[in-house]
Amino acid sequence: MRRINGTALIIAALVATVGALAFPVWSYTDRSGTGQANLAAGTVNTRWGPLTASDRDLIVRVRLAGLWELPAGQQAMERAPSQAIKEAADHLIVGHTDLDKRVRIVAAQLGVELPNQPNEQQQGWLQEMTAATGEEYEYKFVNLLRSAHGKIFPAIGAVRNSTRNTLVRQLASDANQTVLDHITVLEKTGKVDFDAIANDAVSGSTASPTGPPPPVPGQPVPSAPAAGPSGDIRATSRPSPGAPGTVNTSRPDPVDSEGVLR
């Protein structure tokens, strides 16, 4: 009897030890603040794939972009201070009218509620533009919009990379084309303050810069050899069409399964 009890104690001790070792492994992945917990937080299943909090955030941000950039573009078209500003305004109106149609369809399909007014910061930007005149107006129009597009650009890429929802993935692709087109046409005005954008981008950064060392004036560097396939490879695809400085935004209409456009 004592032998049996001793064996039982040993087995119990082994089970407890294994359990103690295993507990941190399975419990840590569910702990708040970990990557897996953040991914699962607020995720709902849809027939187009899981819909995460980040997915929904992008949907709302795409809608908000149109809510302030459309009136900004309309105002610039009405003021028409220069042909370059008018062209940029035209792209804003066309691009966000199309993108807003797409985001409303996606939101209806996925059950995501959309805002109907720009947020407080965006309303402030519109007020700044309205109060400005002459060259100050052109500067504010171009740089407020260029800065906003530059900040949402990487966010679109991050969601496009990680989303498991096919509708969100397509919306991210569409938004990427529109935002890149707007960045391009705003830069064509020649009024983008790239120094201000660069300073703003690194204002909260403390990491040391990476990459190759800075070039030495007057010291040539060896030419890099061409990169390409080896062997008898016959590729048939071609680079994306369009002249330098242009973005092809042609794409098929979305499927309006919820009748949003009726």
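These are my notebook entries on a predicted model of one protein.

**Entry 1: the overall fold**

I began with the elements. I found 8 helices and 0 strands in the protein. Read from the N terminus, the order is α-α-α-α-α-α-α-α. Next I looked up burial. Of the 262 residues in the protein, 31% are buried. Then I turned to contacts with a separation of 6 or more. Residues 24 or more positions apart account for 77% of those.

**Entry 2: the cores**

Which residues have the most contacts inside the largest nonpolar core? I found Ile59, Leu110 and Ile156, in a core of 22 residues. I then asked which helices supply it. At least two residues come from each of α3 (53-79), α4 (83-110), α6 (134-162) and α7 (166-187). The helix that gives the most is α7, with 7 residues. Apart from this core I noted another, made of 20 residues. Ile85, Leu92, Met129 and Leu144 are among them.

I went back to isoleucine 156 to list its partners. Leaving out residues up to four places away in sequence, isoleucine 156 touches Leu58, Ala172, Ala175, Asn176 and Val179.

**Entry 3: helix α7 and its start**

I checked the span of α7. This helix has 22 residues and reaches 32 Å from first C-alpha to last. That is close to the 32 Å expected at 1.5 Å a residue. What caps the N-terminal end of α7? Asparagine 165 does. One of its side-chain oxygens lies 3.0 Å from the backbone nitrogen of leucine 167.

I also looked at phenylalanine 153, which sits in helix α6. Is phenylalanine 153 buried or partly exposed? It counts as partly exposed, because its relative accessibility is 28% and buried means under 20%. Setting aside neighbours within four places in sequence, phenylalanine 153 contacts Asn176, Val179, Leu180 and Ile183. I picked out asparagine 176 for a distance. Its C-alpha is 6.9 Å from that of phenylalanine 153, and the two are 23 residues apart along the chain.

**Entry 4: α3 beside α5**

I compared the axes of α3 and helix α5 (residues 120-131). They come within 10 Å and cross at roughly 5 degrees. So α3 is roughly parallel to α5, because angles under 35 degrees count that way. Then I listed who meets whom. From α3 I have Leu64, Ala65, Trp68, Pro71, Ala72, Gln75 and Arg79. They meet Gln122, Trp125, Leu126, Met129 and Thr130 in α5.

I took a general point from my reading. An α-helix has 3.6 residues a turn, so residues three or four places apart point the same way.

I followed up on glutamine 122, placed in helix α5. Its relative accessible area is 8%, so glutamine 122 is buried. With residues up to four places away not counted, glutamine 122 touches Leu64, Ala65 and Trp68.

**Entry 5: along α4**

I moved to α4, with its 28 residues. From first C-alpha to last this helix reaches 40 Å, close to the 40 Å expected at 1.5 Å a residue. Just after α4 comes glycine 111, with a positive phi of about 75 degrees.

I stopped at three residues of this helix.

- Alanine 84 lies in α4. With a relative accessible area of 28%, alanine 84 is partly exposed. Its C-alpha is 5.2 Å from that of threonine 189, although 105 residues separate them in sequence.
- Histidine 96 is also in α4. It counts as buried because its relative accessibility is 2%. Which side chain joins that of histidine 96 in a polar contact of 2.5 Å? I found glutamate 69. Beyond neighbours within four places, histidine 96 contacts Ala65, Gly66, Glu69, Leu70, His91, His149 and His182.
- Isoleucine 105 belongs to α4 too. At 1% relative accessibility, isoleucine 105 counts as buried. I listed its partners with residues up to four places away left out: Pro254, Val255, Asp256, Val260 and Leu261. How far apart are the C-alpha atoms of isoleucine 105 and aspartate 256? They are separated by 5.9 Å, with their positions 151 residues apart along the chain.

Technical notes:
Residues numbered from 1 in each chain as written. Predicted model: local features only at pLDDT ≥ 70, side-chain atom pairs only at ≥ 80, totals over all residues. Heavy atoms only, no water. Core = buried A, V, L, I, M, F, W, Y, C linked by side-chain atoms within 4.5 Å. Buried < 20%, exposed > 50% of the residue type's maximum accessible area, 1.4 Å probe, protein only. Helix = DSSP H or I, 4+ residues; strand = E, 2+ residues; numbered from the N terminus. Contact = heavy atoms within 4.5 Å. Expected span 1.5 Å × (residues − 1). Polar contact = N/O pair within 3.5 Å; in protein donor to acceptor, adjacent residues only side chain to side chain. Axes fitted to C-alpha atoms, helices over the stretch in contact; angles between N-to-C directions. Parallel < 35°, antiparallel > 145°, perpendicular 65-115°, else oblique.
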